[in-house]
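Okay, thanks everyone, I'll keep this short. Let me put the structure up on the screen, and then we can walk through a few spots together.

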Amino acid sequence: MSSQVIYGFELIYTERQQRILGILPLLVAPLSVAGSSLIIFAIHKERQTALKSVYHRLVLGVSCMDWLGSISLIVFGPWAVPKEAEYFVAGARGSFTTCEVSGFFFPFFF
């Protein structure tokens, strides 16, 4: 398979693979939101006993951060990538400002 070079960068994925990589997080993130929501709800429901356990507090914290990270992935997704970089990320529709904002928030959740 020959690779394509754009602006000095070698593209290792085909256009179809880039589209799949752009869409896949948008399909998986809602599942993560649902799973984390169920965990948060279950711990909240039994908060009198569950929050006394260090394990449950850690699971609650991880679930909250995963929930926030998945929501930010849905909100920003490929739309935060500057449209000038469409050849790297399929579905890029953002600007450099949206890229900077998503780049600021992503390290807090992942």
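So, find Ser-36, which sits in helix H1. Is Ser-36 buried or exposed? Its relative accessibility is 5%, and the cut-off for buried is under 20%, so Ser-36 counts as buried. And what does Ser-36 touch, if we skip residues up to four places away in sequence? The answer is Ser-63, Asp-66 and Trp-67. Oh, and please keep in mind that this is a predicted model.

Now hop over to helix H3, which covers residues 54-76. Let's look at a couple of residues there. One of them is Leu-60, which lies in this helix. Again skipping anything up to four places away in sequence, Leu-60 touches Ile-40, Ile-43 and Leu-51. If you like distances, try Leu-60 and His-44: they are 16 residues apart along the chain, and their C-alpha atoms are separated by 8.8 Å.

Further along, Ser-72 is in helix H3 too. Ser-72 has a relative accessibility of 7%, and since buried means under 20%, this serine is buried as well. Leaving out the neighbours within four places in sequence, Ser-72 is in contact with Gly-77, Phe-106 and Phe-109.

Hang on to Gly-77 and Phe-106, because they come up again at the second largest pocket, whose lining includes both. This pocket holds about 170 Å³ of space. How many residues line it? There are 13, and the ones nearest the centre are Leu-73, Gly-77, Pro-78, Val-81 and Phe-106. Which elements give two or more residues to that lining? Those are helix H1 (15-45), H3 and helix H4 (96-109). As for the character of the lining, ten residues are nonpolar, three are polar and none are charged.

Last stop, the cysteines. How many disulfides turn up in a search of the whole structure? Zero. Two cysteines you can look at are Cys-64 and Cys-99. Cys-64 has a relative accessibility of 29%, and that value falls between the cut-offs of 20% and 50%, so Cys-64 counts as partly exposed. Cys-99, with a relative accessible area of 33%, falls between those cut-offs as well, so Cys-99 is also partly exposed.

That's my tour, so feel free to spin the model around and ask me anything.

Conventions: Residues numbered from 1 in each chain as written. Predicted model: local features only at pLDDT ≥ 70, side-chain atom pairs only at ≥ 80, totals over all residues. Heavy atoms only, no water. Helix = DSSP H or I, 4+ residues; strand = E, 2+ residues; numbered from the N terminus. Contact = heavy atoms within 4.5 Å. Buried < 20%, exposed > 50% of the residue type's maximum accessible area, 1.4 Å probe, protein only. Disulfide = S-S within 2.5 Å. 1 Å grid on protein atoms, 1.4 Å probe; cavity = no way out; pocket = protein on both sides within 12 Å on 5 of 7 lines; lining within 4 Å. Points joined across faces, edges and corners; volume = space filled by probe spheres on them. Nonpolar A, V, L, I, M, F, W, Y, C, P; charged D, E, K, R; others polar.
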